[in-house]
Amino acid sequence: MSRGRLSETLLATLPPAVARPTFDRAATRIGIVHLGAGAFHRAHQVVYFDDALALDPNWAVCAVSLRNPDVRDALRPQDGLYTLAILGQTPRLRVIGALREVLCARDEAAAVLARLADPAVRLVTLTVTEKGYCLAGDGLDLSHPDIVHDLATPDAPVSAIGHVVAGLARRRAAGLAPYTVLSCDNLADNGVRLRRAVLAFAERTDPALAAWIDAEVAFPRSMVDSITPATDDKLRTRVADALGLEDAWPVQREPYTQWVVEDHFCNGRPPLERVGVTLSDDIAGFDRAKLRLLNGPHSALAYLGLLLDIETVTDAMRYPGLAAFVARLMREDIAPTLSVPAALDLDAYINAILARFRNPAIAHRLAQIAWDGSQKLPVRLLGTIRDALAAGRSIDRLSLPIAAWMHFVRRQAHAGVALVDPMADTLAQIGREATGDAHADVARFLALREVFAGVAEAPTIVDAIERGYAALAHDPAEAVAR
């Protein structure tokens, strides 16, 4: 039997168990333009805006895909509605109504620029991934093909930066107040770097515009967090069965979600603090806590779990010795290295992370978390090790995941399995040369200055890694338990 398609007219037919918008969609107006209408945005920020619309109708969203029309083509026939599946012990479904318009800039350029110039729009948000900012180091990459194109034709942009500047140029020319520009990407110091890129672009097209942006436009920093698995046919089928209607593009995420935003807006803002967003001036403190308490243990679970032939994070947390190891690593070794913002309850944050790791509804594969170790370990664990050592605390537990990564590289190389890492070829050569001798093998890895700068000159760290390496070579399970 064929089903109808999720739409405004069929909202009333949804089963009572499916949550739906609690506001009058017809009474809302678009106050936010979002660049990068991917799954994470729709599973994260739009849900907060959906809650905010029940308090203030002026913050509906226009979602813009810069190139790919797929989201527009899926959601426009559904009046912008889509389903969010929350993957917890008891899965929940919720239809989100905050998207009032979905555009594709590639073939609706005039509509996108008109919306950016709309005086009702007071906030522009972005999730375009790090590469979407066209950066070279901390500055704008002026040689990037998209930036070259946009500088030559600023009224017909293709990049996110070009669109932000084109919209601001139109508003200035019309005598309108600017919008706040809010990055929601996992990009360190995202607001500062976005502001720098926008100003660099504007300075090369119109110095007077650049001066206006410099004086008038706000670029708050932010931090976001929620695991959002990709949409697949299994999710589409499950959602259709529950709704009794087809949804072309539902999204899914874990129950946990975090959004921390610097309270620095230039033209009003949604009532974010009333819908679960944390407003803080210490975004760096939240970023550091996430990097060390979430990402560091994630890597520890990956490399130690893989040595124990475990496949997923949830399975790793069912392994008694490993679960206990990670909990002690977080509470006794990592937490003391952090100076946390006043708004962050550290004990509650650790408990929430451990609960996320245990969530059986999220099958997060350790092999995927293990990718790019040469890039991740310096920021996820090595800085913590240095801070713990400087404070006179033991670094044995912190060093064990580093040793586990070395064993992981060695095992993959000897098995002829390709590594997913920017330094894959170099690491594979080191892995093939490794014999299992702790002193010699660790020395080979520590010679990688790009990863271990300064570590080889710190005998205490070298000794701790060598002890961990030797223990894991003898018996990984015993090493973790001890």
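Here a colleague asks a modeller how the labels on this predicted model are justified.

Colleague: What makes strand 14 and strand 15 a pair?
Modeller: Pairing takes at least two bridges. Strand 14 (residues 258-261) and strand 15 have two, in the parallel sense. Val-260 stands opposite Thr-278 in strand 15.

Colleague: And what makes strand 11 and strand 14 a pair?
Modeller: Four bridges join strand 11 and strand 14, against the at least two that are required. Their sense is antiparallel. Here Ser-222 faces Val-261 of strand 14.

Colleague: Why is the pairing in this sheet called mixed?
Modeller: The sheet has three strands, in the order 11-14-15. Strands 11 and 14 run antiparallel, while strands 14 and 15 run parallel. The sheet is also open. Its edge strands are strand 11 (222-225) and strand 15 (278-279), each pairing on one side only.

Colleague: How do you know that both faces of strand 11 are covered?
Modeller: In a regular strand, side chains alternate between the two faces of the sheet. On one side of strand 11 sit Ser-222 and Val-224, on the other Met-223 and Asp-225. These residues are all buried, so both faces count as covered.

Colleague: How do you know that there are zero disulfides?
Modeller: The whole structure was searched, and zero turned up. A disulfide needs two cysteine sulfur atoms within 2.5 Å. Take Cys-184: the closest cysteine sulfur, in Cys-266, is 15 Å away, so a bond is ruled out. From the side of Cys-266, the closest cysteine sulfur is in Cys-184, also too far for a bond.

Colleague: Are those two cysteines buried or partly exposed?
Modeller: Buried means under 20% relative accessible area. Cys-184 has 2%, so Cys-184 is buried. Cys-266 has 28%, so Cys-266 is partly exposed.

Colleague: What makes Trp-405 stand out in the largest nonpolar core?
Modeller: Contacts. Of the 79 residues in that core, Trp-405, Met-406 and Phe-452 touch the most other members. Helix 10 (residues 283-307) gives the most to this core, with 12 residues. Leaving aside residues up to four places away in sequence, Trp-405 touches Tyr-303, Gly-373, Ser-374, Leu-377, Leu-427, Phe-445 and Phe-452. Another core, of 76 residues, lies apart from the largest one; among its members are Ile-32, Cys-62, Trp-212 and Val-261.

Colleague: How many cavities of 30 Å³ or more does the structure hold?
Modeller: One. The largest cavity holds about 40 Å³ of space, set against that 30 Å³ limit. Its lining includes Ile-227, His-298, Arg-356 and His-364. Helix 11 (313-318) and helix 13 (346-358) are the elements that give two or more residues to this lining.

Colleague: What makes Thr-129 worth a second look?
Modeller: Its phi. Most residues other than glycine have a negative phi. Thr-129 is not a glycine, yet its phi is positive, about 65°. Thr-129 is in the loop between strand 7 (123-126) and strand 8 (135-136). Its relative accessibility is 42%, so Thr-129 counts as partly exposed.

Colleague: Where does Asp-372 lie, and what is its phi near?
Modeller: Asp-372 lies in the loop between helix 14 (366-369) and helix 15 (373-390). Its phi is near 60°, a positive value in a residue other than glycine.

Colleague: Why is Asp-372 called partly exposed?
Modeller: Because its relative accessibility is 28%. The label covers values between the buried limit of 20% and the exposed limit of 50%.

Conventions. Residues are numbered from 1 along each chain as its sequence is written. This is a predicted model: local features need pLDDT of at least 70, side-chain atom pairs count only at pLDDT 80 or more; totals for chains, interfaces and linings use all residues. Side-chain values use heavy atoms; hydrogens and water are left out. Buried means under 20% relative accessible area, exposed over 50%, partly exposed in between (1.4 Å probe, protein chains only). A nonpolar core is a set of buried Ala, Val, Leu, Ile, Met, Phe, Trp, Tyr and Cys residues joined through side-chain atoms within 4.5 Å. Contact means heavy atoms within 4.5 Å. On a 1 Å grid over the protein atoms alone, a cavity is a set of points where a 1.4 Å probe fits but cannot get out, and a pocket is an open set with protein on both sides within 12 Å along at least five of seven lines; lining residues have an atom within 4 Å of a point. Grid points are joined across faces, edges and corners, and a volume is the space filled by probe spheres set on the points.
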